[in-house]
Amino acid sequence: MRTVSLRRRVVAVSAAVVVLLLLAVGVFVDADLGSRLRDDARARLVGLADLGVQLDGVVDDQTLVNRLATAGASAELRTDGGTVVGRPGPGAGPAAGPPGPAAAAPGPAPDVVEDGDLLRVERELGDGRVLEVTTSLRPVEDARSQFRRSMLWGGAIGVVVAVLALWLLLGRALVPLDTMTRTARSIAAGDRGRRLAPDRAGTELGRVAVAFDEMLDSLEGAESRASQARDRLQRFLSDAAHDLRTPLAAVVAAAERLLLDSGSREQREEAAVRIVREARRAGRLVTDLLAVSRLEEVRPQPSPLDLADVVRTAVHDAAPGAPVEVRAVAVPLRADAEHVRRVVVNLLANARVAAPGGRVVVVVDRADDGRWGRVVVADDGPGIAPADRELVFGRLVRLDPSRTGDGGAGLGLSISRGLARAAGGDLRCADPDDPTLPPDLPAGAVLVLTLPAG
């Protein structure tokens, strides 16, 4: 991006425009002035010649010539006998000698002949005499030269004055840009709350200021979101490290016990079993962490399925032989069967942990006039407080601290909601007293999965 001074550029362009305008005006006025001065000279010359015709016979020849020889003009009277009576006018120069080639000048007096820098008019008088009146065009050219000098000096002075005035006025006009520059530097220095707040948003600078403020708001929001994301990531990594530390520490302790070869056979077998159990727990945690990190990249592979069949399969996989009550009707839809199965398995796992040995009910039906397929998983455990019903979907969240050793990492519901939303549905924690829920549900936690049926 070129960063030529805006002030200098505007002044230079404006000065160039002023010079061009002055040149155009000067050329036009000079041409018009010359034409008018020539026309005046022709008209005056014709008037003098006509006056000579009127004076013929009234005064003698010498008096007639003297009367016509006014300032800037000369008169000459020729007779058939070759006698010449003449008198040059002041400043007229020598009287015309033998006439050279002449051309009739276009203008209001076609009988005026222009010969070089002279204008000449002839009139025939009585007795074969010829009256010739001549004037010089040098005063016209002198006047034009004086006018050009005046225009040149006046134009030069005008351009200088215009440049100075533009420089000063632009300095004041560009004050808003200086304000924007100071504001930007202040924001860069840490004052994120500064804004331009233009009083007139409809002007050119007002629109720029509004766009500047909107950009700052967007950047500030992005910075805030990035800061929050960084904090969440740090908390996530801290919690993940803490959860991994527990099974790994148990594995190390059990392995050391085996290496020492102390204790009975039963104790050594117990240590080996513990190593396997804690290693599996760490493996599940790592798998869940990877699943959470890739939720935004999940691309479901939808296919036609019956939601009731998928749920029954998930119940069999998650709790074979467990007392889970399933009430399902056929709900055909297009979805990723593996994702749906995984969500239901996670919900059943949470229900079994919340209500060990208690009642768990799974209902499959339609909701919202059949536009959604719905899976409701309810248990008769202690339930979830209203203030925590959104919190439970956070990462590494366990509302019951006593559950730290149950093998869960607090990621199941977060993963389940991510899979549901990737399919265009949702997962929420509902109030057991919600009248839109199916009847006769346990009064504990109620989790509702919805998927688009269309």
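**Salt bridges, a cavity and a long stretch of helix in a predicted model**

Colleague: Which residue forms a salt bridge with glutamate 132?

Modeller: This is a predicted model. Its closest N and O atoms for this pair are 3.6 Å apart, and the cut-off for a salt bridge is 4 Å. The partner of glutamate 132 is arginine 120.

Colleague: How many residues apart in sequence are the parts that this pair ties together?

Modeller: Glutamate 132 belongs to strand β6, while arginine 120 belongs to strand β5, residues 118-124. The salt bridge therefore ties together two parts of the chain whose separation in sequence is twelve residues.

Colleague: Is glutamate 132 buried or exposed, and what is its relative accessibility?

Modeller: Buried means under 20% relative accessible area. Arginine 120 is buried, with a value of 7%. Glutamate 132 also counts as buried, because its relative accessibility is 5%.

Colleague: Serine 136 lies in strand β6. Which backbone nitrogen does its side chain reach?

Modeller: Strand β6 covers residues 130-136. Serine 136 is buried, with a relative accessible area of 5%. Its side chain makes an approach of 3.1 Å, and the nitrogen reached is that of arginine 138.

Colleague: Where is glutamate 390, the residue that forms a salt bridge with arginine 417?

Modeller: The closest N and O atoms of arginine 417 and glutamate 390 are 2.4 Å apart. The pair links distant parts of the chain, 27 residues apart. Arginine 417 is in helix α9, and glutamate 390 is in the loop between β11 (372-379) and α9.

Colleague: Is arginine 417 buried or exposed?

Modeller: The limit for buried is under 20% relative accessible area. Arginine 417 has a relative accessibility of 9%, so it counts as buried.

Colleague: What is the N to O distance in the salt bridge between arginine 421 and aspartate 426?

Modeller: Arginine 421 counts as partly exposed at 46% relative accessibility. Aspartate 426 counts as partly exposed at 28%. Their side chains meet in a salt bridge with an N to O distance of 3.0 Å.

Colleague: How many salt bridges does the count come to?

Modeller: Some residues are linked in a network of salt bridges, among them Asp30, Arg38, Glu114 and Arg148. Asp39, Arg42, Glu141 and Arg144 are also linked in that network. For the structure, the count comes to 27.

Colleague: Which helix supplies the largest share of the lining of the largest cavity?

Modeller: The structure holds two cavities of 30 Å³ or more, and the largest has a volume of about 50 Å³. At least two lining residues come from each of α8 (337-354), α9 (412-422) and β13 (446-452). The largest share is three residues, and it comes from α8.

Colleague: How many residues of that lining are nonpolar?

Modeller: The lining of the largest cavity includes Asp336, His339, Val340 and Leu451. One lining residue is charged and one is polar. The number of nonpolar residues is seven.

Colleague: What distance does helix α1 reach from its first C-alpha to its last?

Modeller: Helix α1 covers residues 6-55 and has 50 residues. At 1.5 Å a residue, 74 Å is expected. Just after α1, glycine 57 takes a positive phi of about 90°. The helix comes close to the expected value, reaching 72 Å.

Colleague: How far apart in space are arginine 366 and alanine 330?

Modeller: Arginine 366 is found in strand β10, residues 360-367, and is partly exposed with a relative accessible area of 39%. Arginine 366 and alanine 330 are 36 residues apart in sequence. Their C-alpha to C-alpha distance is 9.0 Å.

Key. Residues numbered from 1 in each chain as written. Predicted model: local features only at pLDDT ≥ 70, side-chain atom pairs only at ≥ 80, totals over all residues. Heavy atoms only, no water. Helix = DSSP H or I, 4+ residues; strand = E, 2+ residues; numbered from the N terminus. Buried < 20%, exposed > 50% of the residue type's maximum accessible area, 1.4 Å probe, protein only. Polar contact = N/O pair within 3.5 Å; in protein donor to acceptor, adjacent residues only side chain to side chain. 1 Å grid on protein atoms, 1.4 Å probe; cavity = no way out; pocket = protein on both sides within 12 Å on 5 of 7 lines; lining within 4 Å. Points joined across faces, edges and corners; volume = space filled by probe spheres on them. Nonpolar A, V, L, I, M, F, W, Y, C, P; charged D, E, K, R; others polar. Expected span 1.5 Å × (residues − 1).
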